[in-house]
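Look at the chain shown below and follow the contacts between its parts. The report starts with one residue and then widens to the whole chain.

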Amino acid sequence: MKQSKTSEAQRRAADNWDAKNAENRRYRVAKSSTKRFIIKMATTEDLTQVKSWIAEREAADDPQA
């Protein structure tokens, strides 16, 4: 069996933190997945669609709009 570089105590601590900070973990996972998709898999058409979503979101957040 291959030994992990991470100690058992460190793994437990990380699992504990993830359990206590579930919303933060979901945010980080979603952000990472989005970045990976855009950088490694998105077509030009996908990028155009993502840009339009960003523009819509920015317009919705703009109090002067």
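## Asp-18 and its partners

In this predicted model, Asp-18 is partly exposed, because its relative accessible area is 22%, and a residue counts as buried only under 20%. The side chain of Asp-18 meets that of Arg-25 in a salt bridge, with 3.3 Å from N to O. Arg-25 has a relative accessibility of 40% and therefore also counts as partly exposed.

Asp-18 forms a salt bridge with Arg-28 as well, and here the closest N and O atoms are 3.5 Å apart. Asp-18 belongs to helix H1 and Arg-28 to helix H2, so this pair ties together parts that lie ten residues apart in sequence. Arg-28 counts as partly exposed because its relative accessibility is 40%.

## How H1 and H2 pack

Two packed helices are described by two values, the angle between their axes and the distance between the axes. Helix H1 covers residues 8-20 and helix H2 covers residues 22-40. They pack at an angle of about 95 degrees, and their axes are 5 Å apart. Angles of 65 to 115 degrees count as roughly perpendicular, and H1 and H2 are therefore roughly perpendicular to each other.

Which residues meet in the contact of H1 with H2? From H1 come Trp-17, Asp-18, Ala-19 and Lys-20, and from H2 come Ala-22, Asn-24, Arg-25 and Arg-28. By type, the residues of this contact divide into four charged, three nonpolar and one polar. Both salt-bridge partners of Asp-18 described above, Arg-25 and Arg-28, appear among the H2 residues of the contact.

## Other salt bridges

How many salt bridges does the structure hold? The number is six. One of them joins Arg-26 to Glu-23, with the closest N and O atoms 2.8 Å apart. Arg-26 and Glu-23 are three residues apart in helix H2, which means that about one helical turn separates them. Arg-26 and Glu-23 are both exposed. Elsewhere, Glu-8, Arg-11 and Arg-12 are joined into one network by salt bridges that share partners.

## Phe-37 in helix H2

Phe-37 is also found in helix H2. Is Phe-37 buried, partly exposed or exposed? With a relative accessible area of 32%, Phe-37 is partly exposed, because that class lies between the limits of 20% and 50%.

Leaving aside residues up to four places away in sequence, Phe-37 touches Ala-42 and Asp-46. Leu-47 lies ten residues from Phe-37 in sequence, and the C-alpha atoms of Phe-37 and Leu-47 are 10.0 Å apart in space.

## The chain as a whole

The protein chain has three helices and zero strands. Read from the N terminus, its elements run α-α-α.

The C-alpha trace spans about 55 × 30 × 10 Å along the principal axes of the chain. The radius of gyration of the chain is 18 Å, whereas a compact globule of 65 residues would have a value near 11 Å. Of the 65 residues, 2% count as buried. Residues described above fit beside this figure: Asp-18, Arg-25, Arg-28 and Phe-37 are partly exposed, while Arg-26 and Glu-23 are exposed.

Methods: Residues are numbered from 1 along each chain as its sequence is written. This is a predicted model: local features need pLDDT of at least 70, side-chain atom pairs count only at pLDDT 80 or more; totals for chains, interfaces and linings use all residues. Side-chain values use heavy atoms; hydrogens and water are left out. Axes are lines fitted to C-alpha atoms, for helices over the stretch in contact, and angles run from 0 to 180 degrees between N-to-C directions. Helices (H or I, at least four residues) and strands (E, at least two) are DSSP runs, numbered from the N terminus. Angles under 35 degrees count as roughly parallel, over 145 as roughly antiparallel, 65 to 115 as roughly perpendicular and the rest as oblique. Contact means heavy atoms within 4.5 Å. Ala, Val, Leu, Ile, Met, Phe, Trp, Tyr, Cys and Pro count as nonpolar, Asp, Glu, Lys and Arg as charged, and the others, Gly among them, as polar. Buried means under 20% relative accessible area, exposed over 50%, partly exposed in between (1.4 Å probe, protein chains only). A salt bridge is a side-chain nitrogen of Lys or Arg within 4 Å of a carboxyl oxygen of Asp or Glu. The radius of gyration is taken over C-alpha atoms; the globule rule is 2.2 Å times the number of residues to the power 0.38.
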